[in-house]
Amino acid sequence: MRKKIVAGNWKMNKTFSEAEDLVFGIADELASDRPEDVEVVICPPALYLEMTSDVATENNFSCGAQNISEHEAGAYTGEISAAMIASAGASYVIAGHSERRSFYGETDALIARKVKQALKHGLIPIYCCGEVLEQRERNLHFEVVGQQITEALSGLTAEEFSNVVIAYEPVWAIGTGQTASPQQAQEMHAYIREMAGKIFGKEAAAETTILYGGSCNASNARELFANPDVDGGLIGGASLKAGDFVKIINSF
Ligand code: PGA
């Protein structure tokens, strides 16, 4: 179902006590100031999921992991399964973030398996796609994102796809302070919806939640979220300060 979502991706930041301060800080700020129709998702490091989910349950937000294993269980040292993430109280998982693609060699074939695994355990995957700067400069961005979507998601049934959230994150905008313009975000989101329509049908595409990510912050969120095909944001740096994150949530 199409929803407004603001999700915070903490990446590899915060010690346990800092994470607690941030989660409680966000809960406090949300208590006084929050639009009712926006789902808030916090994606801390997996180690803090249980703590985050306890606070989330009491304060009407959700939590998610940043990654999962493509395997069910067994001898995969260092990995964390979808079942473990779900049992820690998470309901979302980020899949295919560009940092996992570039630093850990994740391909769309692998990400497709992670998406399936997430869905099997009732987790909502936030599937990330987006082009690098060189691809945009060569005007290949639509082709690249189209191919990512096809490779990672076209093996899903329409019912499975109805539980997937897509995040468009142009790699050149992540952590750089250089946000996509509202026009650039809108045209890519519309294209992603059109692609989803070709694979799963128009109705399914109209119901898909598509988030923007990449240097989205308290000053530019309003302009980005005002676009008809932008259903919210996946926020990195600006989700590490309770005040900034809640301002973004209130930008709808
Ligand atoms: P950023 O990161 O907001 O710091 O650019 C977004 C993301 O990587 O999800």
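A residue is taken as buried when its relative accessible area is under 20%, as exposed when that area is over 50%, and as partly exposed in between. On this scale, in what is a predicted model, F252 counts as partly exposed because its relative accessibility is 29%, whereas F225, at 6% relative accessibility, counts as buried. These two residues form one of the five aromatic pairs that a search of the whole structure finds. The ring centres of F225 and F252 are 4.6 Å apart and the planes of the rings meet at 20°, so the pair is classed as stacked, the cut-off for that class being an angle under 30 degrees. F225 belongs to helix 11 (residues 221-225), while F252 lies in the segment after helix 12 (242-249), so the pair ties together parts that are 27 residues apart in sequence.

The surroundings of the ligand were examined next. The ligand is surrounded by 13 residues, of which K11, H97, E169, G175 and S215 come nearest. By class, this shell comprises seven polar, four nonpolar and two charged residues. Polar atoms of both side chains and backbone approach oxygen atoms of the ligand: a polar side-chain atom of K11 lies 2.7 Å from one such oxygen atom, a polar side-chain atom of N9 lies 3.5 Å from an oxygen atom of the ligand, and a polar backbone atom of G236 is found at 2.8 Å from an oxygen atom of the ligand. Of the 280 Å² of accessible area that the ligand has on its own, the protein covers 95%.

Strand 8 (residues 232-235) is covered on both of its faces, with G232 and L234 buried on one side and G233 and I235 buried on the other. In general terms, the side chains of a regular strand alternate between the two faces of the sheet. Strand 8 pairs in the parallel sense with strand 1 (residues 4-9), over four bridges, and also in the parallel sense with strand 7 (residues 209-213), over two bridges. L234 takes part in both pairings, as the bridge partner of A7 and as the bridge partner of G213.

Strand 7 also contains T209, which counts as buried because its relative accessibility is 2%. A polar atom of the T209 side chain lies 3.0 Å from the backbone nitrogen of K3.

Two further buried positions are located in helices. H189 lies in helix 9 (residues 182-200) and, with a relative accessible area of 0%, is buried. The C-alpha atom of H189 is separated by 6.5 Å from that of V230, although these two residues are 41 residues apart along the chain. V144, in turn, has its place in helix 7 (residues 141-153), and its relative accessible area of 15% places V144 in the buried class, given that the cut-off for this class is under 20%. V144 and V132 are 12 residues apart in sequence, and their C-alpha atoms are 9.2 Å apart in space.

Definitions and conventions
Residues numbered from 1 in each chain as written. Predicted model: local features only at pLDDT ≥ 70, side-chain atom pairs only at ≥ 80, totals over all residues. Heavy atoms only, no water. Near = heavy atom within 4 Å. Polar contact = N/O pair within 3.5 Å; in protein donor to acceptor, adjacent residues only side chain to side chain. Areas by Shrake-Rupley, 256 points an atom, 1.4 Å probe, with all protein chains shown as cover. Nonpolar A, V, L, I, M, F, W, Y, C, P; charged D, E, K, R; others polar. Buried < 20%, exposed > 50% of the residue type's maximum accessible area, 1.4 Å probe, protein only. Pairing = 2+ DSSP bridges. Phe/Tyr/Trp six-rings, centres within 6.5 Å; stacked < 30°, edge-to-face > 60°.
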